[in-house]
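Open the model in your viewer and keep the selection panel at hand. This tour goes chain by chain.

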Amino acid sequence: MTRERLTRLGYALAPVLLTLVLACAILLLAGANPLQALGALFLGAFESGRKVADIAAAMVPLLLCAAGMLITFAAGLWNIGVEGQMIAGALMTTWVVRSIDVPAALLLPLTILAGMLGGALWGLLIGALRTYGRVNEIFAGLGLNYLGAALTNYLIFGPWKPPDGATMSGTEPFPKAAWMPTIGSTRASWLGILLAIVGIVVVYFLLRDSYWGLKLKAIGLNDRSAHRLGIDTRGNMLLAFAACGLLAGLAGSLRATAVYHRLIPSISGGIGYLSQLVVLLSGLRAQIVPLVVFFFSAVQVASPRLELRMSLDSSIGGVLQSAMVLFFLLVRGFRGRMQTAQEVVE
Amino acid sequence: MSENSLLLDTIRSVLAASAPLIFAGIGETLSERAGVINLSLDGSILLSAMAGFAVAYLSGSLTLGFGAAMLVGALVAWLIAYASIALRLDQVAVGFVLTLLCADLSSFVGQPFVRIPGPSVPHMPIPGLVDIPILGPILFDQDLVFYLSLLTVVGAWLWMNKTQAGLKLRAIGERPEAAFARGINVNRLRYLYAIVGGALVGFSGAAYSLSVKLGWSHRHTGGLGWIALAIVIFGGWSPFRVALGAYLFGLFKSLGSILQPAWPQVPTQVLQAAPFAMMIVVLVLVSGDPDRLLYYVPRRVRPLLRGILRGAPPAGLGQRFEQG
Amino acid sequence: MNIQLTDIVKSFGMLRANDGISLSVAAGTIHGLLGENGAGKTTLMKVLSGYQPCDSGTIRVDDREVSFDSPEEAIAAGIGMLHQDPMDVPALSVLDNFALGHDRRLVLSRHRSQSDLARLCRRFGFELDPDALVGSLTVGERQQLEMVRLLALGVRTIILDEPTTGISAPQKVLLFETLRGLAAEGLSLIFVSHKLDDVEQLCSRATVLRDGRVAGEVLAPFDTDELVSLMFGQCLSEVGRSDIAPGEPMLEVADVSVRTHRLEITNINLAVRAGEVVGLAGLEGSGQGILMQTCAGLLRAHKGRIRLGGQDMSRSSYHQYLQAGVAHVPAARLEEGMVGGLTIREHVALAHQPTGLMVRWSEAEGNARERIDTYRVVGRPETPVASLSGGNQQRLLLALLPEHLKLLILEHPTRGLDIESTRWVWNRLHARRRHGTGLLYTSTDLDELVAHSDRIVVFSGGRMSAPVPAEDITCEELGYLIGGKGYDA
């Protein structure tokens with residue numbers, strides 16, 4: 001191998017190694033055997049068919065949200081409000097299931113549309129706050145995330161509470177007509193998987209080959225020049241928020257109809273934040289996203305097992321995921337510095 | 001008479017509960033005035049709250065606990081400063097990832113300490129001053145953490161407005177090139193203020209777990225970091241206004257439990273959500289174009305409001321500055 | 001204090017900004033430094049004031065050799081520079097700016113700083129409100145503050161960079177009085193300017209720079225002709241304009257005033273006819289850029305009307321101007337004109353009117369190749385625009401323009417280009433002319449202005465001269481106009 005290839009490989013592996021080192025360190029701190037714990041983590045993800053299906057189920061919303069985030073990132077936006085957009089989709093879907101009377105065959109497609117609409121509108125709200133209210137989209141998104149969670153709680157404990165009393169397990173289960181068809185008795189829904197794949201593929205081609213994608217890319221790189229070149233920066237940014245919201249709303253809706261079959265308090269489950277990590281770690285490249293989603297979902301599925309087997313808190317999974325992204329960013333920054341330093345010498 | 005003391009008692013507890021927010025808000029104000037955004041606040045407050053409680057519990061010393069918390073906060077802040085100044089990474093990206101990392105770390109490492117009773121900052125009424133009518137029980141019947149929070153606000157204001165160093169701080173945040181032209185080492189000061197801000201944020205975490213909501217649990221501090229970031233904007237990067245924001249927010253939070261018995265038909269979640277809704281409304285008012293909003297206000301009141309509403313961030317916030 | 005610069009050389013890459021310049025300034029004098037844009041004045045003064053190190057040469061202060069690593073060191077040695085855009089902090093107050101770096105103790109003594117400030121202001125007749133924000137001051141007032149600040153730091157030499165640009169007439173009178181007073185106290189002052197009137201009024205001695213070298217040094221009383229010929233040299237007016245009768249008025253600017261935070265242009269009246277070339281001359285920042293941006297819809301006039309082909313465009317947005325057939329080519333090519341990070345092919349795809357959802361890459365590729373050939377851009381469709389040379393970026397900007405334009409506005413179209421590229425650019429521009437496009441452009445190259453324009457206007461301090469037909473003017477006369485002589489300032 002040439003020297004250059006070795007260096008590149010080294011830089012690519014460094015984040016992984018650093019993450020493992022950190023993981024071992026804190027596992028030791030928690031008094032656990034690192035090898036045992038990490039082994040349980042990695043094996044635990046694949047020990048049974050059911051587990052693999054669980055990973056597939058977990059991948060669906062994460063893939064959809066990550067696909068949506070690619071759009072907003074392309075335009076240079078920090079769309080932290082994805083959690084709220086998921087919630088909006090789930091809420092809209094729940095409302096449709098509870099309130100709209102349609103033949104069973106139409107119900108599922110309607111829930112899908114409802115999810116997309118709810119999320120898109122929520123996304124537009126954040127976009128409008130940014131464009132017209134000049135509120136940074138980070139704070140608008142965050143504030144609305146909390147509002148969305150509060151709204152969910154209100155509905156679950158209030159107007160939408162189950163007949164025999166409100167509990168933390170959410171509303172009463174949806175009628176069977178509103179259940180996503182699953183693979184056997186697993187949690188994985190083939191329709192959900194299909195939608196997620198379609199989502200990421202569409203986004204990939206959208207960003208790579210469409211005029212809109214090109215305009216977003218221009219806006220993200222230099223919005224001033226983009227405006228000079230005749231691009232409507234405001235309108236396109238709003239559209240980006242709506243598009244991301246559409247995908248995130250669908251993700252939230254699927255969580256309600258495919259995984260839990262009801263509305264639960266944590267219907268967004270931190271997936272919105274996780275999808276940001278996914279996109280950062282993929283270097284904003286759509287081709288890499290499915291891989292990272294797979295890895296993150298596997299960790300997500302395996303972590304509770306760790307809690308069970310070794311009484312370690314399942315947040316070790318989250319630590320691994322975010323540490324990986326942090327080290328990835330740091331190594332990339334370090335590499336950039338090394339390169340510029342070298343250029344100066346030359 | 002009893003309603004009076006109930007009211008005073010409520011005010012007293014609202015002020016006490018707001019103390020952590022004061023430390024975090026002032027700390028972040030200093031950091032952002034220098035030009036460094038520490039977006040990891042929510043995570044670092046969690047991590048330092050856990051660290052503070054854990055160390056205080058294990059060592060039996062509150063001082064060590066607070067010290068550990070400050071160390072954690074300072075370390076995280078240093079990392080952000082290093083990543084953005086030396087490695088030229090985006091402050092927002094690194095801060096966001098650190099939020100999640102620190103939050104998860106706090107849950108994982110803090111697991112053995114969940115719901116364990118531990119030490120707390122002792123109540124410390126100031127004799128003599130406590131007896132002043134109205135103000136006494138509110139302000140002087142608190143603990144050391146509260147008194148320190150008051151001193152921090154005043155100290156920060158004095159530092160920023162009355163010292164040469166504070167003048168330099170304001171200069172590097174507003175126009176780093178001009179500061180550099182006057183011989184000020186911009187990046188070195190950025191590191192310094194980021195670290196000091198981080199230490200204050202760490203202190204806020206310990207203040208929470210050792211004084212306000214004792215102990216430790218999963219996501220113990222409940223979104224405090226994000227609120228702190230918002231009140232810095234609300235407070236126009238100015239210590240007294242930031243403190244006002246902190247108390248206002250504390251009030252909103254307590255309003256939920258205060259008003260609930262009076263209005264049972266209003267669901268609890270609405271009152272819980274109110275602070276965040278207020279945050280957005282306030283941000284729209286502050287970030288938007290003040291002149292456009294003032295259009296709707298009677299002419300005579302305009303100059304007064306304009307001063308209050310002025311909320312421009314330090315012009316150099318988040319911008320990279322290449323020295324030399 | 002006496003200043004002596006000997007054989008200063010300073011290069012920026014290939015460009016030799018200072019090519020062996022020697023200059024002596026005696027104590028108690030006001031020494032003028034004249035020259036066009038790009039003559040090397042600013043670079044030289046930046047070297048003297050410690051902002052930049054020189055490549056070679058020596059600086060002597062009172063016969064003692066010195067070298068500065070930073071502006072701080074220069075100030076410590078007694079040399080201070082008053083920039084055209086002072087390095088102050090607009091968000092802080094006058095008093096704060098004054099005290100920054102001045103009051104050395106930990107706790108600021110507002111009282112002391114205020115009395116120091118008041119004392120100095122009184123001495124010169126300046127009126128500065130210590131609590132006002134610097135951002136709200138006029139250019140003249142910011143200058144006064146900076147001067148006072150430098151004097152408080154004990155400088156004995158002050159370099160003033162274009163100090164009379166953008167200040168009012170009474171402020172100018174006050175400034176000149178102040179400078180004469182300072183000189184009488186033994187300070188040495190260097191007055192950098194292009195305004196011949198001011199230099200003739202104020203200075204006892206003047207050095208003229210041209211193309212990085214000293215063109216000559218003269219003593220008062222000055223001969224204006226001599227100064228002009230030293231500054232601008234001989235011009236070879238290579239007449240490139242063809243004799244096409246211009247058509248109907250395309251652009252009509254009527255009584256327009258535009259206000260920006262830097263400068264205000266007032267009561268501008270100008271008409272550009274189809275196929276006509278109008279050149280805007282004058283020192284940078286005198287208002288040409290503002291007018292051109294207004295004519296493209298990037299700025300809005302608060303007074304007056306702008307009509308394009310008879311249609312009132314005063315309230316139109318930039319995108320509406322684009323649709324109406326106006327294009328604005330900025331001087332900051334990567335910051336405002338193109339998106340660094342995108343390739344040539346991607347820019348071509350964006351410029352092409354999009355039909356349909358998906359980009360037809362093969363078509364864009366072919367299109368890009370075609371334009372690269374026609375405009376002789378050194379690059380390939382997949383080349384990122386950021387890696388093109390300045391000249392090629394300019395060619396690309398022109399290549400991206402629509403076929404038929406009513407009005408083409410260009411900021412410094414040939415800046416940084418070699419002779420061949422310059423000639424080629426003008427070829428293309430004249431071709432557009434023949435198709436009826438009106439051209440409006442700025443340039444600091446007098447030869448270029450005289451050679452290619454049908455009419456020329458001169459901007460100074462936000463005011464515009466009456467248009468002069470280019471065939472009736474020589475370079476020297478143009479130099480006079482730019483120097484602020486012979487028209488109502």
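What follows is a short walk through two chains of a predicted model.

**Stop 1: select chain A.** Colour it by secondary structure. You should find 13 helices and 0 strands. Read along the sequence, every element in the pattern is α. The radius of gyration is 21 Å, close to the 20 Å that the globule rule gives for 346 residues, so chain A is as compact as a globular protein of that length. Align the view to the principal axes: the C-alpha trace of chain A spans about 70 × 60 × 30 Å.

Now switch on the surface. Chain A exposes about 14,600 Å². Carbon and sulfur atoms supply 65% of that area. Buried residues account for 55% of the 346 in chain A.

Next, draw contacts. Take pairs in chain A at least 6 apart in sequence: 76% of these contacts join residues at least 24 apart. Then pick out the charges. Chain A has 25 positive and 15 negative ones, and their mean positions lie 4 Å apart.

**Stop 2: select chain C.** Here the count is 17 helices and 21 strands. Its radius of gyration is 25 Å, close to the 23 Å from the globule rule for 489 residues, so chain C is as compact as a globular protein of that length. Its C-alpha trace spans about 70 × 50 × 45 Å along the principal axes.

Show the surface again. Chain C has about 20,700 Å² accessible, with 48% belonging to carbon and sulfur atoms. Of its 489 residues, 55% count as buried.

Finish with the charges of chain C: 49 positive and 62 negative, with mean positions 4 Å apart.

Technical notes: Residues are numbered from 1 along each chain as its sequence is written. Chains are lettered from A and ligands numbered from 1 in the order in which they are written. This is a predicted model: local features need pLDDT of at least 70, side-chain atom pairs count only at pLDDT 80 or more; totals for chains, interfaces and linings use all residues. Side-chain values use heavy atoms; hydrogens and water are left out. Helices (H or I, at least four residues) and strands (E, at least two) are DSSP runs, numbered from the N terminus. The radius of gyration is taken over C-alpha atoms; the globule rule is 2.2 Å times the number of residues to the power 0.38. Buried means under 20% relative accessible area, exposed over 50%, partly exposed in between (1.4 Å probe, protein chains only). Contact means heavy atoms within 4.5 Å. Accessible areas come from the Shrake-Rupley method with a 1.4 Å probe; for residues, only the protein chains shown count as cover. Lys and Arg count as positive and Asp and Glu as negative; His and the chain ends are not counted. The place of a charge is taken as NZ of Lys, CZ of Arg, CG of Asp or CD of Glu.
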